[in-house]
Amino acid sequence: MRNVLFSLILALCAVTQATAQQRADQQRLSNLMSFSMILMGDPQGYTKYGCNQPLFDLCTAWCADNIDSLHIKAVMLTGDLVEQNDNLVPNRAMTDQTSRQMWQWASQCLKRLDGKVPYIIATGNHEYGYTRGDEPTTHFPEYFPIERNSAWSGCVVATMPNRQGVNSLENAAYEFDDPSWGKLLVIATEWAPRSEVLDWAKKLCDSERFRSHRVILITHSFLKERTAERTASEPYRISPANYGQDVWDKLVFCCPNIRLVLCGHTGKPGDFDDSIAYRKDRNAAGKTVHQMMFNVQVLGGGWEGNGGDGWLRILEFMPDGQTIKVRTYSPLFGISPTTRQFAHRTGPNDQFDMKIEKEKNSRK
């Protein structure tokens with residue numbers, strides 16, 4: 001009887017393996033000891049049109065499907081989950097969804113990651129006000145309370161109240177640990193962060209608990225597309241506010257352990273280089289700070305196109321504890337053998353390495 005049962009189990013396993021879905025373009029790490037973080041640009045172009053919404057769902061489904069194969073520690077989004085925060089009457093020239101429908105869909109797509117992996121969102125201007133970020137109100141805390149994703153438990157180590165005094169994940173710090181990289185801290189900020197938010201982030205970086213961590217800052221507005229100049233004044237009424245150059249001067253430059261800054265926000269129709277930017281500079285301690293803008297919402301047909309052709313970035317943290325390999329990939333193209341040859345961008349601005357020097361154990 002035992003032999004028969006064993007044979008049945010083997011046969012069932014064989015059937016399961018034979019019928020398992022075959023990935024047309026399965027992505028793998030270049031080193032099995034690496035881990036990855038996935039960077040997604042502003043998804044508002046996906047959520048604002050009903051026919052585009054499945055593309056956002058595809059991206060988060062792909063992330064969930066690759067948590068094990070890519071050793072994904074976190075999924076990071078540069079903001080603008082929705083086109084408009086609080087508009088009941090869609091402008092048919094630019095959206096066919098109400099704000100509530102956009103928020104619900106963004107929430108539904110990210111639900112695929114709940115309980116599996118932390119996702120980290122730097123809220124963008126379109127998450128605030130009525131249409132574009134001029135007012136301080138936002139529905140973000142309603143849709144993304146900390147209790148919804150158990151993967152945030154133990155990972156979120158600090159938060160700060162938003163512009164309305166609500167303690168939410170708009171300003172939050174996430175801690176990660178890896179045998180090769182040691183302690184990492186990811187700090188996400190609200191749209192156009194107030195100076196007190198920058199002070200809060202600086203105190204975290206300088207604190208005894210986190211001063212030996214290598215820090216990644218993700219904020220919505222920091223670099224301009226293609227030129228990689230830092231954003232300065234912007235035509236929004238929200239106040240007080242800090243944009244890219246202020247964030248650099250008040251926070252990044254003076255914190256020795258902030259080593260990588262990620263952002264979205266800017267971009268324009270054109271070629272791929274009009275949706276990305278990269279630069280590196282030395283901070284006050286002489287350490288290299290890598291700065292990367294990734295916002296592909298206009299790819300796939302412009303402002304009213306499909307929302308970004310599914311492009312995202314795989315950041316592979318190599319086991320040397322210093323190298324991050326950047327790959328630009330599209331699950332939309334990679335899902336089919338017919339289109340997988342279009343799923344990889346391999347130009348110098350799309351595939352490159354970043355070197356992050358190791359932190360000393362303490363600072364004087």
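Which residues does Lys224 touch, leaving aside those up to four places away in sequence? In this predicted model, the list is Glu229, Arg230, Thr231, Thr266, Ala277 and Met293. Confidence first: the chain has a mean pLDDT of 93, and 93% of its residues reach 70 or more. The exception to keep in mind is residues 1-18, where pLDDT stays under 50 and the model has 0 contacts beyond four places in sequence.

**Around Lys224**

- Lys224 sits in the loop between E7 and H7.
- With a relative accessibility of 33%, Lys224 counts as partly exposed.
- One of its contacts, Ala277, also turns up in a nonpolar core of 28 residues.
- Lys224 and Arg313 are 89 residues apart along the chain, and 18 Å separates their C-alpha atoms.

**The nonpolar cores**

- The largest nonpolar core has 70 residues, and the members touching the most others are Val75, Leu81 and Tyr174.
- Helix H3 (residues 53-65) is the top contributor to this core, giving 6 residues.
- A separate core of 28 residues lies apart from that one, with Val197, Leu198, Ala201 and Ala277 among its members.
- As a general rule, nonpolar side chains in soluble globular proteins tend to be buried together.
- Tyr174 has a long contact list once residues up to four places away in sequence are set aside: Tyr119, Ile120, Trp152, Cys155, Val156, Val157, Leu169, Leu184, Leu185, Val186 and Ala188.

**Helix H3**

- H3 runs for 13 residues and reaches 19 Å between its first and last C-alpha, close to the 18 Å expected at 1.5 Å a residue.
- Its buried residues are Gln53, Leu55, Phe56, Asp57, Cys59, Thr60, Trp62, Cys63 and Ala64.

**Helix H4**

- H4 (99-110) has 12 residues that should span 16 Å at 1.5 Å a residue, and its end C-alpha atoms are 17 Å apart, which agrees.
- Buried along H4 are Ser99, Met102, Trp103, Ala106, Ser107, Cys109 and Leu110.
- Those buried residues sit on the same side of H4, because they cover an arc of only 165° around the axis.
- What do they pack against? The partners are helix H2 (44-47), H3, E2, strand E3 (119-121) and helix H5 (140-143).

**Helix H6**

- H6 (residues 195-206) has 12 residues and reaches 16 Å from first C-alpha to last, close to the 16 Å expected at 1.5 Å a residue.
- On H6 the buried set is Val197, Leu198, Trp200, Ala201, Leu204 and Cys205.
- This set covers an arc of only 155° around the axis, so its members lie on the same side of H6.
- Val197, Leu198 and Ala201 from that set are also among the members of the 28-residue core.
- The buried residues of H6 pack against five strands and a helix named here in order: strand E4 (156-161), strand E5 (167-178), strand E6 (182-188), strand E7 (214-218), helix H7 (244-252) and strand E8 (258-263).

**Cysteines**

- Searching the whole structure turns up 0 disulfides.
- Cys109 is in no disulfide, and its nearest cysteine sulfur belongs to Cys59, 8.8 Å away.
- Cys109 counts as buried because its relative accessibility is 0%.
- Cys255 is in no disulfide either; here the nearest cysteine sulfur is that of Cys205, at 4.3 Å.
- Cys255 has a relative accessible area of 0%, so this residue is buried too.

**Backbone oddities**

- For background, most residues other than glycine have a negative phi, and most peptide bonds are trans.
- Ser239 and Pro240 are joined by a cis peptide bond, with omega about -5°.
- Pro240 lies in the loop between E7 and H7, and Lys224 has its place in that loop as well.
- Asp80 is a non-glycine residue with a positive phi, near 60°.
- The loop holding Asp80 runs between strand E2 (72-77) and helix H4 (99-110).
- Asp80 counts as buried, since its relative accessibility is 1%.
- Asp309 also has a positive phi without being glycine, at a value near 55°.
- Look for Asp309 in the loop between strand E10 (288-294) and strand E11 (312-317).
- Asp309 is buried, with a relative accessible area of 16%.

How values were computed. Residues numbered from 1 in each chain as written. Predicted model: local features only at pLDDT ≥ 70, side-chain atom pairs only at ≥ 80, totals over all residues. Heavy atoms only, no water. Core = buried A, V, L, I, M, F, W, Y, C linked by side-chain atoms within 4.5 Å. Buried < 20%, exposed > 50% of the residue type's maximum accessible area, 1.4 Å probe, protein only. Helix = DSSP H or I, 4+ residues; strand = E, 2+ residues; numbered from the N terminus. Contact = heavy atoms within 4.5 Å. Expected span 1.5 Å × (residues − 1). Arc of directions from axis to C-beta. pLDDT = per-residue confidence, 0-100. Disulfide = S-S within 2.5 Å.
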